[in-house]
Amino acid sequence: MDVSCSGRYRTYAGKRQNCVSKQMSVFTGKLKELFSGYEVLKSYNRIENTILRFQGENEKEIHTRFKAARLFALNEGLSDTMSVLSTIAVIFVSAYLVLIGHITMGTLLALVIRNI
(Lines give C-alpha, C1' and ligand atoms only; values in the text may rest on other atoms or scores of the structure.)
Protein backbone atom coordinates (compact mmCIF):
# COMPACT_ATOMS: atom_id res chain seq x y z
CA MET A 1 0.00 0.00 0.00
CA ASP A 2 2.78 2.41 0.90
CA VAL A 3 4.54 1.93 -2.43
CA SER A 4 1.28 2.42 -4.31
CA CYS A 5 0.46 5.67 -2.47
CA SER A 6 4.01 6.89 -2.86
CA GLY A 7 3.90 6.24 -6.62
CA ARG A 8 0.59 8.04 -6.99
CA TYR A 9 1.90 10.98 -4.99
CA ARG A 10 5.03 11.22 -7.14
CA THR A 11 2.92 11.20 -10.30
CA TYR A 12 0.56 13.86 -8.94
CA ALA A 13 3.41 15.97 -7.53
CA GLY A 14 5.26 15.71 -10.84
CA LYS A 15 2.22 16.96 -12.73
CA ARG A 16 1.80 19.81 -10.27
CA GLN A 17 5.48 20.74 -10.61
CA ASN A 18 5.13 20.72 -14.41
CA CYS A 19 2.19 23.12 -14.10
CA VAL A 20 4.31 25.43 -11.96
CA SER A 21 7.15 25.29 -14.49
CA LYS A 22 4.83 26.03 -17.41
CA GLN A 23 3.20 28.92 -15.59
CA MET A 24 6.61 30.35 -14.65
CA SER A 25 7.61 30.12 -18.32
CA VAL A 26 4.49 32.03 -19.38
CA PHE A 27 5.06 34.58 -16.61
CA THR A 28 8.71 35.09 -17.60
CA GLY A 29 7.73 35.48 -21.26
CA LYS A 30 5.16 38.12 -20.40
CA LEU A 31 7.68 39.92 -18.22
CA LYS A 32 10.27 39.98 -21.01
CA GLU A 33 7.61 41.19 -23.43
CA LEU A 34 6.65 43.96 -21.03
CA PHE A 35 10.20 45.18 -20.47
CA SER A 36 11.25 44.95 -24.11
CA GLY A 37 8.38 47.22 -25.20
CA TYR A 38 8.36 49.53 -22.21
CA GLU A 39 9.36 52.66 -24.14
CA VAL A 40 6.66 52.04 -26.75
CA LEU A 41 4.05 51.56 -24.05
CA LYS A 42 5.21 54.70 -22.30
CA SER A 43 5.02 56.76 -25.48
CA TYR A 44 1.46 55.59 -26.24
CA ASN A 45 0.35 55.97 -22.59
CA ARG A 46 -0.66 52.28 -22.32
CA ILE A 47 1.12 51.51 -19.07
CA GLU A 48 -2.06 51.05 -16.97
CA ASN A 49 -3.42 48.43 -19.37
CA THR A 50 -0.09 46.61 -19.35
CA ILE A 51 0.07 46.69 -15.57
CA LEU A 52 -3.39 45.11 -15.41
CA ARG A 53 -2.30 42.34 -17.81
CA PHE A 54 0.85 41.80 -15.78
CA GLN A 55 -1.15 41.56 -12.55
CA GLY A 56 -3.39 38.95 -14.15
CA GLU A 57 -0.41 36.80 -15.13
CA ASN A 58 1.10 37.32 -11.70
CA GLU A 59 -2.11 36.11 -10.02
CA LYS A 60 -2.15 32.98 -12.21
CA GLU A 61 1.46 32.25 -11.31
CA ILE A 62 0.81 32.73 -7.59
CA HIS A 63 -2.26 30.47 -7.70
CA THR A 64 -0.37 27.71 -9.53
CA ARG A 65 2.59 27.91 -7.17
CA PHE A 66 0.30 27.89 -4.11
CA LYS A 67 -1.44 24.72 -5.28
CA ALA A 68 1.91 22.95 -5.63
CA ALA A 69 3.15 24.24 -2.26
CA ARG A 70 -0.04 23.07 -0.57
CA LEU A 71 0.44 19.57 -1.98
CA PHE A 72 4.04 19.39 -0.80
CA ALA A 73 3.08 20.68 2.66
CA LEU A 74 0.32 18.07 2.93
CA ASN A 75 2.80 15.36 2.03
CA GLU A 76 5.27 16.54 4.67
CA GLY A 77 2.57 16.61 7.35
CA LEU A 78 1.34 13.12 6.49
CA SER A 79 4.87 11.78 6.37
CA ASP A 80 5.73 13.21 9.79
CA THR A 81 2.49 11.91 11.29
CA MET A 82 3.07 8.41 9.93
CA SER A 83 6.61 8.42 11.28
CA VAL A 84 5.48 9.35 14.80
CA LEU A 85 2.62 6.85 14.74
CA SER A 86 4.90 4.02 13.63
CA THR A 87 7.34 4.82 16.45
CA ILE A 88 4.51 4.83 18.99
CA ALA A 89 3.20 1.53 17.63
CA VAL A 90 6.62 -0.11 17.92
CA ILE A 91 7.01 1.11 21.50
CA PHE A 92 3.59 -0.14 22.62
CA VAL A 93 3.76 -3.50 20.84
CA SER A 94 7.31 -4.09 22.09
CA ALA A 95 6.31 -3.15 25.65
CA TYR A 96 3.40 -5.57 25.49
CA LEU A 97 5.70 -8.35 24.23
CA VAL A 98 8.12 -7.64 27.10
CA LEU A 99 5.26 -7.82 29.63
CA ILE A 100 4.06 -11.20 28.40
CA GLY A 101 7.64 -12.49 28.19
CA HIS A 102 8.09 -12.97 24.43
CA ILE A 103 11.01 -10.57 24.12
CA THR A 104 13.57 -9.08 26.48
CA MET A 105 14.06 -5.48 27.50
CA GLY A 106 17.20 -5.35 25.32
CA THR A 107 15.17 -6.38 22.28
CA LEU A 108 12.64 -3.66 23.07
CA LEU A 109 15.44 -1.10 23.23
CA ALA A 110 16.88 -2.37 19.94
CA LEU A 111 13.48 -2.13 18.22
CA VAL A 112 12.89 1.40 19.47
CA ILE A 113 16.37 2.54 18.42
CA ARG A 114 15.94 0.85 15.02
CA ASN A 115 12.63 2.62 14.45
CA ILE A 116 13.93 6.07 15.37
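Accessible area is worked out here by the Shrake-Rupley method with a 1.4 Å probe. For this chain, a predicted model, the accessible surface comes to about 9,200 Å², and carbon and sulfur atoms hold 65% of that surface.

**The overall fold**

Let's start with the broad picture. The chain has four helices and zero strands, so its pattern along the sequence reads α-α-α-α. Of its 116 residues, 16% count as buried. Now look at contacts between residues with a separation of 6 or more: 59% of them join residues 24 or more positions apart.

**Two residues of one helix**

Helix α3 covers residues 47–99, and Phe-92 is part of this helix. Ser-94 lies in helix α3 too. Are these two residues buried or exposed? The cut-offs settle the matter: buried means under 20% relative accessible area, and exposed means over 50%.

| Residue | Relative accessibility | Class |
|---|---|---|
| Phe-92 | 59% | exposed |
| Ser-94 | 3% | buried |

Phe-92 counts as exposed because its relative accessibility is 59%, whereas Ser-94 counts as buried because its value is 3%.

**What surrounds them**

Which residues does Ser-94 touch, not counting those up to four places away in sequence? Its partners are Ile-103, Leu-108 and Leu-111.

Phe-92, for its part, belongs to a nonpolar patch on the surface. The other members of this patch are Met-82, Val-84, Leu-85 and Ile-88. Together with Phe-92, these residues have about 530 Å² of accessible area.

Notes: Residues are numbered from 1 along each chain as its sequence is written. This is a predicted model: local features need pLDDT of at least 70, side-chain atom pairs count only at pLDDT 80 or more; totals for chains, interfaces and linings use all residues. Side-chain values use heavy atoms; hydrogens and water are left out. Patches are made of residues with over 30% relative accessible area and no salt bridge: like charges are joined within 9 Å, nonpolar side chains (Val, Leu, Ile, Met, Phe, Trp, Tyr) within 5 Å. A salt bridge is a side-chain nitrogen of Lys or Arg within 4 Å of a carboxyl oxygen of Asp or Glu. Helices (H or I, at least four residues) and strands (E, at least two) are DSSP runs, numbered from the N terminus. Buried means under 20% relative accessible area, exposed over 50%, partly exposed in between (1.4 Å probe, protein chains only). Contact means heavy atoms within 4.5 Å.
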